[in-house]
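This report looks at the fold of a protein chain and at the packing of one pair of its helices. The sequence and the structure are shown first.

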Amino acid sequence: MEAANTPRVGAAVRRRRRALDLTLAEVARNSGLSSPFLSQIENDRARPSMRSLQRIADALGTTAVQLLAASDETRTVDVVRADDDSGLDREARVRPLVRGRHQLHALEFVGAHEADREFRHRNDELLYVADGSVEVEADGRVHRLGRGDTLLLSGGVRHRWRTTEPGSRVLAVAVGDHVEVWEA
């Protein structure tokens, strides 16, 4: 039985797809995933891995974090327990630390993470290494971070990161893309 607070990422995917007036076949072609699998996700009969969710997000011109945020109601006070169901495939090894649409997004990554994808966010992001170590390539430089280290990435900075030690745990906190940041 599903937990009552399990996000329904399928509904968020369907809303975004329909808002863009795309068919399942178009999203399948653009994501490299099958139409039946996408249909199962939209109907909450299958859970995407974080990798699959990111491929879907790319095809929909958004991010996995935004789809996760759109999948749940905003709460004014919300406790996210370590064993709460994230709504993702249990092997994803990533979990949202904040549910709903807020001014910030927070994710916890546990275990191996490869630098196979480059990110560039409109607003600021903070990486905090809770355990282990990571390498972050940003702005043409490689930064090696260990337990307790943080790295701030200003909006617009292209970056990628990877874990360099088994058992690493990284927290990524970002200002929501729906929040406009204005210079004074």
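## Packing of α2 and α3

In this predicted model, helices α2 and α3 are roughly perpendicular to each other, because their angle of about 110° lies within the range of 65 to 115 degrees that counts as roughly perpendicular. Helix α2 covers residues 24-31 and helix α3 covers residues 35-42, and their axes are 9 Å apart. The crossing in which α2 passes α3 is right-handed.

On the side of α2, the contact is made by L24, A25, V27, A28 and S31, while α3 contributes S35, L38, S39 and E42. Sorted by class, the residues of this contact comprise five nonpolar, three polar and one charged.

## Overall architecture

The secondary structure of the protein chain consists of five helices and eight strands. Their order along the sequence is α-α-α-α-α-β-β-β-β-β-β-β-β, so that, by the numbering of elements from the N terminus, α2 and α3 belong to the run of helices that opens this pattern.

## Contacts, burial and surface

Among the contacts of the protein chain with a separation of 6 or more, 66% are accounted for by residues that are 24 or more positions apart. Of the 184 residues in the protein chain, 42% are buried, where buried stands for a relative accessible area under 20%.

The accessible surface of the protein chain amounts to about 10500 Å², and carbon and sulfur atoms hold 47% of that surface.

Methods. Residues are numbered from 1 along each chain as its sequence is written. This is a predicted model: local features need pLDDT of at least 70, side-chain atom pairs count only at pLDDT 80 or more; totals for chains, interfaces and linings use all residues. Side-chain values use heavy atoms; hydrogens and water are left out. Helices (H or I, at least four residues) and strands (E, at least two) are DSSP runs, numbered from the N terminus. Buried means under 20% relative accessible area, exposed over 50%, partly exposed in between (1.4 Å probe, protein chains only). Contact means heavy atoms within 4.5 Å. Accessible areas come from the Shrake-Rupley method with a 1.4 Å probe; for residues, only the protein chains shown count as cover. Axes are lines fitted to C-alpha atoms, for helices over the stretch in contact, and angles run from 0 to 180 degrees between N-to-C directions. Angles under 35 degrees count as roughly parallel, over 145 as roughly antiparallel, 65 to 115 as roughly perpendicular and the rest as oblique. A crossing is left-handed if the near helix is turned anticlockwise from the far one by less than a right angle, and right-handed if clockwise. Ala, Val, Leu, Ile, Met, Phe, Trp, Tyr, Cys and Pro count as nonpolar, Asp, Glu, Lys and Arg as charged, and the others, Gly among them, as polar.
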